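The following exercises train the reading of a protein model. Please attempt each task before turning to its solution.

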Amino acid sequence: MAEEEGPAIELRQRKKPKSSEYKESAKEKKIDDTAVPERAPKHVLLQRFAKIFIGCLAAVTSGMMYALYLSAYHERKFWFSNRQELEREITFQGDSAIYYSYYKDMLKAPSFERGVYELTHNNKTVSLKTINAVQQMSLYPELIASVLYQATGSNEIIEPVYFYIGIVFGLQGIYVTALFVTSWIMSGTWLAGMLTVAWFIINRVDTTRIEYSIPLRENWALPYFACQVAALTGYLKSNLNTYGERFCYLLMSASTYTFMMMWEYSHYLLFLQAISLFLLDSFSLEQSGKVHEVYKIYIFSLFLGYLLQFENSAFLVSPLLSLVVALVLVKCLQLNVKKGTFVAKIMKVINFYLVCTLTVTLNIIMKTFVPHKENGYMLKFLEVKFGLNITKNFTMNWLLCQKSLQAPSQDFFLRLTQSSLLPFYILVLIICFLSIMQVIFRRINDKSLKKAVTLEDGRIGERPEIIYHVIHTILLGSLAMVIEGLKYLWTPYVCMLAASGVCSPELWTTLFKWFRLRTVHPILLALILSMAVPTIIGFSLWKEFFPRLMTELTELQEFYDPDTVELMTWIKRQAPVAAVFAGSPQLMGVIKLCTGWMVTSLPLYNDDDLLKRNENIYQIYSKRSAEDIYKILTSYKANYLIVEDAICNEVGTMRGCRVKDLLDIANGHVDCEESDKLTYSKYGRFCHEVKINYSPYVNYFTRVYWNRSYFVYKINTVISFQS
């Protein structure tokens, strides 16, 4: 009986506690069962805080110093502060002049609303053409700069030009800071950020075009892309806490949208990024959830950009939208199959095929049904570039002759090698790539991967942020090997990946694990090398390149172009306000900025009509009759013609790439296959003949001004034929 009483008593005691007490006890039990992470000691927390504080201070200081360096170098190069406003404006060449001219127009407008309206319904720039300049030229930087200049009361403190270039230089400082942070996140040490900045500045001829063309769209946009990449790098990390994830997500969302608004070609660069993330997700090397959250950011930014950029159809026909929609659709159709099975592997291949097929199909459908003004020259250019087609078209051949659209020269690789950047980049890339391949084969063989990779594991290829950057730099590098102008997108991330690699103990541990070192502990050796190698690189760069940077700042250069100054002065004083000028697109951009007079063409290459205008106006350097040239110019309501001696008597280093050579090819005056054989032309070259002042040229054109570089002719409205 006593043995039977025990259980009964125990049962009665269990029924006694109230429900609230039971809940509390259950809670306590749950808390006790859950493993609570031990709180780090105070000295460890102080050490972490000091490391983060010093790193942040170094990152911000690096950005500020680089911005100040650019400002000082710009002052020394152009002697900017000692020049008149006209001479300063002449330093903006080509399309840069157009962008800055609209900034000036916004400052002159009676109100911001009126200024925006005049830019969106602009009929005072190009003759016989009304354009939405904000949409076509992505003038949001100029709108923001003009608002800030007036809202902050800077008009009483600083001149507009200094405010404008100051913002751009400040953005370049943010650019460098973002690269610093990205390298720091990947390596775990801010020493990598310092090395990234050093390589970026030393190789700035190949990392940025800020020295030559300040207002370029890429100089406004790429700093935001660098911030987006930094946020994405942090977001992809496996051991990131919830608050860090949210911060990275918000920063990524804001910077992605801003990047799209600043540059018309931004969605192509994001398309490459989306491909990198797609490949990352395809190998199941990261949680699909994070990658698909990034896809949502793309879709949101594209549609918001479409709405706020006056329903710009370029966003709808973008390959980025087609790819992201295809990825989302395939994700919805994906079957729940047990991982690691043969069926799961087959499904991976099918999904990959479906994404590729759907992307192409959706893009074709969008371009068929959505009215768009996509530049048709891009596809034709790529066909000719890769030898799939041949053409006599002037615009196409002129683009092919541009240095930025050709393959990079040997000097480019030599400069990267001399600064030790290229050898270390190749070393880091090979190690990371082989480690990624090793991880992929482990995945194929159904071997489990660790959620958190430790230093002892020596598997840098398991880290999703490393995988993303390796794929991204390979894609960008492949394009940069074909088109030199794309090196400005690739080289900054070469600096970042190389610096983060040599400063990462994990990379060296991965290498030593392969060699199976026994004499020295691989982790100890990796820690030593991750400090020693970047220190040695830093000292060698300091010794060789720091004196050169200081010399650049101490040497006083001068931008001297008196002929252009005289031409602009004559136009402002002598030409009627309603006059329309015709000439090379590059010169027309400067005329628009310095004088405000209307022109017939602009140095912009994203509009078919403007490209056709440029080709027609360039006929003044061809072997065409005076009557033909007169008809072309009057069809655009031109009143004055400017002939540039530098183009007319050009002696090009590259055979067949001079403007007059390309015009002769397009007009059939030179046989494409036998370039030495000239076909008959009964007219001399117009730019030469018009200078001689004989009939019939004097019947159509009257010379009204000339100097060593420019000849200005008034286009006669009443033609008087002389014998």
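**Exercise 1. Determine whether the two faces of strand β3 are buried or exposed.**

Step 1. On one side of β3, Y640, I642 and E644 are buried, and on the other side L641 and V643 are buried, so that both faces are covered. Buried means under 20% relative accessible area, exposed over 50%, and partly exposed in between (1.4 Å probe, protein chains only). Helices (H or I, at least four residues) and strands (E, at least two) are DSSP runs, numbered from the N terminus.

Step 2. The split into two sides can be compared with a general rule. In a regular strand the side chains alternate between the two faces of the sheet.

Step 3. Because 5 of the 5 residues of β3 (residues 640-644) are buried, the strand is largely enclosed by the rest of the structure.

The model is predicted: local features need pLDDT of at least 70, side-chain atom pairs count only at pLDDT 80 or more, and totals for chains, interfaces and linings use all residues. Residues are numbered from 1 along each chain as its sequence is written, and side-chain values use heavy atoms, with hydrogens and water left out.

**Exercise 2. State which strands pair with β3, and place them in the sheet.**

Step 1. Two strands pair if DSSP finds at least two bridges between them. Strand β1 (residues 580-582) pairs with β3 in the parallel sense over 2 bridges; A582 has L641 as its bridge partner.

Step 2. Strand β5 (residues 710-715) pairs with β3 in the antiparallel sense over 5 bridges; here I642 is partnered by V712.

Step 3. The open sheet has 5 strands in the order β2-β1-β3-β5-β4, and its pairing is mixed. Since β2 (598-599) and β4 (701-706) each have a single partner strand, they stand at the edges, and one side of each is left without a neighbour in the sheet.

Step 4. β4 is joined to β5 by antiparallel pairing over 5 bridges, in which F701 is partnered by I715.

**Exercise 3. Identify which strands helix α29 lies across.**

Step 1. Helix α29 (residues 626-635) lies across β1, β3, β4 and β5.

Step 2. The helix runs at about 75° to β4. Axes are lines fitted to C-alpha atoms, for helices over the stretch in contact (heavy atoms within 4.5 Å). Angles run from 0 to 180 degrees between N-to-C directions.

**Exercise 4. Find how many disulfides the whole structure holds, and describe them.**

Step 1. A disulfide is a pair of cysteine sulfur atoms within 2.5 Å. The search finds 2 disulfides.

Step 2. C401 is joined to C657, with an S to S distance of 2.0 Å. C401 lies in helix α19 and C657 in the loop between α30 (645-648) and α31 (659-666), so the pair ties together parts that are 256 residues apart in sequence. The torsion about this S-S bond of C401 and C657 is about -80°, and the disulfide is therefore left-handed.

Step 3. C648 is joined to C687, with an S to S distance of 2.1 Å. C648 belongs to helix α30 and C687 to helix α32 (residues 686-689), 39 residues apart. The torsion for C648 and C687 is about 80°, so this disulfide is right-handed.

Step 4. When the bonded cysteines are numbered in sequence order, the pairing is 1-3, 2-4.

**Exercise 5. Explain why helix α19 is described as largely enclosed.**

Step 1. The buried residues of α19 include F394, W398 and C401. C401 counts as buried because its relative accessibility is 18%.

Step 2. As 8 of the 8 residues of α19 (residues 394-401) are buried, the helix is largely enclosed by the rest of the structure.
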